[in-house]
Amino acid sequence: MRSTTGMAIEALALSDGGEWLAVAERGLPGTWIALYATATGQPVARWPAGSEAVLRLTFGPGNTWLASGTGDGGIRIWRVPDGALLQSLNGHTDAIVALKLSPDGQTLASGSIDGTVRLWSLR
C-alpha cells in the first residue's frame with residue numbers, strides 16, 4: 001500500500017479485525033487522516049485533521065470512531081468512516097505520545113510529553 005497523496009506518514013492504526021488502516025498524512029496544507037481498506041489498499045475516506053501533526057491514532061469499539069492525538073496536546077474523536085468530528089478533548093500542554101483505549105471502550109488514556117497521563121471518560 002502506498003499513500004495516494006505523497007504526503008509524509010505520521011501515525012497508523014489498524015481497526016479491530018484489520019478491515020481498515022487509518023493513516024495520518026502530513027504535508028501542505030496541513031494534516032489529513034485517510035482510511036484505507038486493507039483488502040484492496042484503496043482509500044475509503046479522507047478528511048482534514050487540522051494544522052498540527054497527528055502523532056497517535058487508535059480505533060474505538062466496533063471501529064465506529066477514531067481518536068487522534070496531536071503535537072499541541074489535543075485529542076480529537078472522529079466518526080468512522082466519514083470523519084465527522086465528534087469530540088475534542090483538551091488538557092495536555094504538549095504533544096500526545098500515547099493513546100490507549102480500555103478493554104470496555106469507556107475510557108481513553110493519553111500520555112503527553114508534558115509528563116501527564118489523563119483518563120477520559122467516553123460514556
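These legends accompany several close-up views of a predicted model.

**View 1. The whole chain is built from strands.**
Let us start with the overall picture. The protein has 11 strands and zero helices, and reading along the sequence gives the pattern β-β-β-β-β-β-β-β-β-β-β. Along its principal axes, the C-alpha trace spans about 40 × 30 × 20 Å. How does the radius of gyration fit the rule for a compact globule? With 123 residues, such a globule would have a value near 14 Å, and the protein has 14 Å, which agrees. Buried residues make up 44% of the 123 residues. Among contacts with a separation of 6 or more, 32% are between residues 24 or more positions apart. The protein exposes about 6200 Å², and carbon and sulfur atoms supply 53% of that area.

**View 2. Four strands line up in an open sheet.**
Here the order is S1-S2-S3-S4, and the pairing is antiparallel. Which strands stand at the edges? They are strand S1 (8–14) and strand S4 (43–50); each has a single partner strand, so one side of each is left without a neighbour in the sheet. Neighbouring strands of this sheet are turned by 20° against each other on average, with direction ignored. As a guide for following the side chains, those in a regular strand alternate between the two faces of the sheet.

**View 3. Strands S3 and S4 pair over six bridges.**
This view moves to one pair within the sheet. Strand S3, residues 30–37, runs antiparallel to S4, and the two are joined by six bridges. A good residue to pick out is isoleucine 33, whose bridge partner in S4 is tryptophan 47.

**View 4. A salt bridge links strands S1 and S2.**
Three salt bridges are counted in the model. In one of them, the side chains of arginine 26 and glutamate 10 meet at 3.6 Å, N to O. The pair links distant parts of the chain, with arginine 26 in strand S2 (residues 20–27) and glutamate 10 in strand S1, 16 residues apart. Both ends can be checked for exposure: arginine 26 is partly exposed, with a relative accessible area of 31%, and glutamate 10 is also partly exposed, at 26%.

**View 5. A salt bridge joins a buried glutamate to strand S4.**
The side chains of glutamate 25 and arginine 46 meet in a salt bridge of 3.3 Å, N to O. Glutamate 25 lies in strand S2 and arginine 46 in strand S4, 21 residues apart, so this pair too links distant parts of the chain. Is glutamate 25 buried or exposed? Glutamate 25 is buried, because its relative accessible area is 0% and buried means under 20%. Arginine 46, on the other hand, is partly exposed, with a relative accessible area of 36%.

**View 6. Arginine 79 meets aspartate 82.**
The salt bridge shown here has an N to O distance of 2.6 Å between the side chains of arginine 79 and aspartate 82. Arginine 79 counts as partly exposed at 37% relative accessibility. Aspartate 82 is partly exposed as well, with a relative accessible area of 42%.

**View 7. Alanine 53 sits in the loop between S4 and S5.**
Alanine 53 has its place in that loop and counts as buried, at 15% relative accessibility. What does alanine 53 touch, leaving out residues up to four places away in sequence? The contacts are Glu10, Arg26, Thr31, Gly69, Thr70 and Gly71. Glu10 and Arg26 will be familiar from View 4, where their side chains form a salt bridge. For a distance to check, alanine 53 and glycine 30 are 7.9 Å apart, C-alpha to C-alpha, while 23 residues apart in sequence.

**View 8. Threonine 58 is a buried residue of strand S5.**
Strand S5 covers residues 54–59 and holds threonine 58. At 16% relative accessibility, threonine 58 counts as buried. Leaving out residues up to four places away in sequence, threonine 58 touches Ala13, Trp65, Leu66, Ala67, Leu99 and Leu108.

**View 9. Strands S10 and S11 form a hairpin.**
Leu108, one of the contacts of threonine 58, leads us to this last view. Strand S10 (residues 107–112) and strand S11 (residues 117–121) pair in the antiparallel sense over five bridges. Leucine 108 stands opposite tryptophan 120 in S11. Four residues lie between the two strands of the hairpin, and glycine 115 in the turn has a positive phi of about 90°.

Notes
Residues numbered from 1 in each chain as written. Predicted model: local features only at pLDDT ≥ 70, side-chain atom pairs only at ≥ 80, totals over all residues. Heavy atoms only, no water. Pairing = 2+ DSSP bridges. Axes fitted to C-alpha atoms, helices over the stretch in contact; angles between N-to-C directions. Buried < 20%, exposed > 50% of the residue type's maximum accessible area, 1.4 Å probe, protein only. Rg over C-alpha atoms; globule rule 2.2 N^0.38 Å. Contact = heavy atoms within 4.5 Å. Areas by Shrake-Rupley, 256 points an atom, 1.4 Å probe, with all protein chains shown as cover.
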